[in-house]
Each structure stands twice: as structure tokens, then as C-alpha cells.
Amino acid sequence: MTAFEIEPGRLFVGGQWREAADGARTEVVDPSRGAVVTTVAEAGAADVDAAVGAAREAFDAGSWSGLSGRERGRILHRVAELIRENADELARLESLDVGKPISLCHAVDITNAANDYEHFAALAHSLDGAVRDTPMNALAYTKREPIGVVAAITPFNFPLILAGSKIGPALAAGNTVVHKPADETPLSALYMARLFQQAGVPDGVVNVVTGAGPVAGEALLRHRGVDKVAFTGSTAVGRHVASTAGEALKPVTMELGGNAAHIVFEDADLEKAVGAIIKAFVFNTGQFCMGGPRLLVSRPVYATVLGILADTVPGVPVGDPRDPEAVVGPMAGEKHLKKVEEYVDIARKEGGRIVCGGERLDLDGGYYYRPTVIADLSNDSRVVQEEIFGPVLTVQPFDTEDEAVALANSTPYGLASGIQTNNLARAHRIADRLQAGIVWINDWAMLDPAVPFGGVKDSGFGREYGPEALAAYTKVKSVVVSLD
Ligand code: NAD
């Protein structure tokens, strides 16, 4: 049993807490013990219909879109403050739900979520249009208007941040939202519903429906009252979501899977590079869409880098998320742990050499897996090509820049990429050639709400963060006034 008391969750619709229409509930499991900690309501189609109805009513009433951008920004600033004021409770929930080390929750999840709302609060009053010069005897100008009801569908790995990266810009632009968090990690979304209300977000503007993807998610996706779908999740589900939304001609943003390459050149500062390499594949227990699970190393330093990893990686502290020393916690669920085990089995069968790790860690019945480094796999191995989404690093040598770029670009994904080099010209030359939405040079996971991120190829389309994200939650209207 956990030491924490968690209230059973209910759905948040039109500013009211309610059970699912059919009374269904689903269990929430603490991944560090494999124990049920609470239950939440499991929404069905009728509940989703009620949530979309509430969001529609709030949008049409103008209780949010009718406020000035400055007023919306003020309320979003308050949301950011409330996240900081409630940091301990939010970190506790996120850690319990996802298995993240509590220190990581504070440093990354809470900090970034607050920064996200603050960033979009500041952008809320910059939604201006343009006056266009034309040969007509007319005044032609554009306006940016909110789209309407946004369906925000989010994954299990960064519940708070990835909700903020959608709800923040959606609200800043004047939309209303129905949020469907991941089936297995719904707790921070429900807590945030309270904070939105406390900050002064009017009833019906943010609604939260917890439940299963194929039921609640599908009903939300198909609902005719939804005007835009903002999705983060796997490429397989994203493909289905994009095609369904496409059929209904709804705009979508798609933040999907990743399998980034991390390229180490012989001129890199290896000591610094190794820190970035380890961070890139163990951060969030490898459940990081922008993680760097494919290490490509220039042949002259290949053996050296493998040696350093063999010595260093086993010392990365894996343990109870409540332990402030833990850097790596459990996988977020049993199915995720099993997936990692399956991929490491494939690697063994395909002749991969396990440099370190390669097994579970038995601790309190939790879903722990030791950080694992694998060498000697061919580039067409499934372990190299597919998204494992666990603390597993494959290491491959290369001989030339061209080969490094070809290997880096050789998977269907294109979310992130990284380069370790002290050669400035090479860094920019390679960054230009990498098929990825973001390229990091001489570090990893440098993220800020001012810097847009998103994918190319099977990693999706559209950008979160930055003014680019805000634009994706608006539609442009042109007004042309005759001056005759
Ligand atoms: P997932 O695709 O299984 O689920 C994502 C969300 O979609 C969940 O809320 C789920 O309930 C919902 N869903 C499932 N079926 C649905 C359906 N038929 N209709 C509507 N919604 C449905 O993803 P996951 O396992 O929760 O998350 C891991 C994946 O997310 C990885 O592939 C990871 O790379 C990706 N991810 C991408 C980013 C990014 O920014 N690109 C960020 C985080 C995670």
C-alpha cells in the first residue's frame, strides 16, 4: 500500500464533478509497487457527449473567448502560480501515477508545466492580425480567432507537461477544451481541473474525461462538436486519429513517436558527451519521445565510448521514486516493462552484445528495468529501427559524416536528433542534414516553451511551444472593407 491517500477521481464536466453515466470505474496503479492506489471514473460516449456539450456551450456563450487576451493571460498566469504553490502535491501525484522520481517531477514536470502556462499567458495578448497592402480601393486586414472546442488527447509519460502544451495555447487563443488524459495516468489532469477553477477559468472552459482510449478517446475524436484535435501519443494510434479527423475535415496537430539518433564525433568532449548520452536514454526511464536511444559513434572513439558506458551506466541510481537519490524509476506500467523485455530478447537472438543491464531489477514488486546498453546489432534490426520506449541504448560505429547522417535518418521517425562535436562548422552542417524537428548540439533535452518542437515523417506534424503553437489554435479571418 502507498502512504498517500488519493481521492477517487470523478469526471470534470461543466465545472461539476460527476461519476460516469454508467458508474464505470478504472484502477490506477503505482508502478513502483504494482499496487492499486485509487480508482477513477471511466467515461463512456454519453460522458464525452456531456463534456463536449459543456465546452461548446461555454465557447458559444463567450465566457472565455469574449475576454480580452490580456484578461485570459492574467488567469493563465494565476494557473502557473497555482501549479507552483501546489508543487508538492502535484509532484507526489505525478510520481505515484507514472513512477517518476519525485526529484525529476519537481525539476522537470512541475517546473515546465508552470513555465508553459506562463509562456502562453504572455502570448495571449499578442494575437494580432495584419493589414495587407492590395491594389483594391479597400482596407484589407486579418484577424486571428479561436477555433472552438479542442479535444486534447495526451499520453502517459509526461501527463502534466503534455496537457499544458495543449491546454495552454488553446486557452490563450480563446478556445474551450475537453482533455482526455492517458488511461493509466489520469491523476494530475484531475488535480489541474481544480486549479483551473481556482484560477478563475469559467465553468465549461476546461473539461476532463478519464477513460480508455478506444472508448472515451474514440468518442471524443469522432464527436461532431469537436473543432480541433490535439494529439500526442504513439504513431500507430496517431495514424488512426489523423485519418479519422481528416475524414471529418478537422484540423489536427500530431505529436507522435520517436527514435532519435545521437551522433558522437571523434572531436567531441567525451566526458561531457557521456553525460548527455546517458541522460538521453535514461531520462524518464527511457519513456521520452525525444529520448536518444540510438548512439552512433565515430569509429576511432567507438571502443572508448563503449568502455566508458560499460563502467558508468551500471552506477546510474535506479530505485524507489520517493528516494531523492533515484535518477531512474520504474517503467510506468507492466505492459511497458514487458515490451522492453521483448526487445532485449530480440536483440540477444539477433546477436546483440549486452554491454550492461539486460534484465529487470526486483524491487518492491515494481516495474523496474536496469539501464541497458547493446552493441553489435545491424542497422536493420527491429531493436534499432523501432521505438522501444525504455532505458535501452543501441550503439553503432560509423566511418564518415555521410554514413552518420544516413544511419541517423534511416528510421521512419524524425522527432529529435543530437550531435556531439567541437567542430562548429560540422555541427551546423550535420544539423542541416538531419531529418528531425529539433537538433541538440553538445547536450540533450534542452527544452523551453519558447522553442517549438514536433516531428517530421512518422513522428507527426504541427509544432508545440513557441508562437507556432499558438497559431495552431487559431483560424485566420480576412476582412476587406470597400473604401468607395
Ligand atoms: P498511445 O498512443 O497509446 O495513447 C495516447 C493517447 O491516445 C491516450 O490518451 C490514449 O488513451 C488515447 N487513445 C488510444 N486509442 C485511441 C483512439 N482510438 N482514439 C482516441 N484516442 C485514443 O500512447 P502512449 O503509450 O500513452 O504514449 C507513448 C507514445 O507517445 C510514444 O510513442 C511516444 O513517443 C509518444 N509521445 C510523443 C510525444 C511528442 O511530443 N511527439 C510526447 C510524448 C509521447
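**Notebook: the ligand and its surroundings**

I began with the residues around the ligand, 30 of them, and noted that Lys180, Asp183, Glu218, Ser234 and Glu387 come nearest. The model I am reading is predicted.

Next I looked up polar contacts, which are pairs of N or O atoms within 3.5 Å. In the side chain of Glu387, an N or O atom is 2.5 Å from an oxygen atom of the ligand. For the side chain of Glu255, I noted 3.4 Å between an N or O atom and an oxygen atom of the ligand. Gly233 takes part through its backbone: one of its backbone N or O atoms lies 3.3 Å from a ligand oxygen atom.

I then checked how much of the ligand is covered. On its own the ligand has 850 Å² of accessible area, and the protein covers 91% of this. I also looked up the site, and the ligand sits in the largest pocket.

Which helices and strand each supply at least two residues of the shell around the ligand? I wrote down helix H7 (213-222), strand S10 (228-232) and helix H8 (235-247). H7 gives the most, with five residues.

I sorted the shell by class and found 15 nonpolar, 10 polar and five charged residues.

My last entry is on domains. Why does the ligand lie between domain 1 and domain 2? Domain 1 (11-256 + 459-479) and domain 2 (261-448) both give residues to the shell around the ligand, so the ligand lies between them.

Methods
Residues numbered from 1 in each chain as written. Predicted model: local features only at pLDDT ≥ 70, side-chain atom pairs only at ≥ 80, totals over all residues. Heavy atoms only, no water. Near = heavy atom within 4 Å. Polar contact = N/O pair within 3.5 Å; in protein donor to acceptor, adjacent residues only side chain to side chain. Areas by Shrake-Rupley, 256 points an atom, 1.4 Å probe, with all protein chains shown as cover. 1 Å grid on protein atoms, 1.4 Å probe; cavity = no way out; pocket = protein on both sides within 12 Å on 5 of 7 lines; lining within 4 Å. Sits in = over half its atoms within 2 Å of the grid points. Helix = DSSP H or I, 4+ residues; strand = E, 2+ residues; numbered from the N terminus. Nonpolar A, V, L, I, M, F, W, Y, C, P; charged D, E, K, R; others polar. Domains from an automatic or database assignment.
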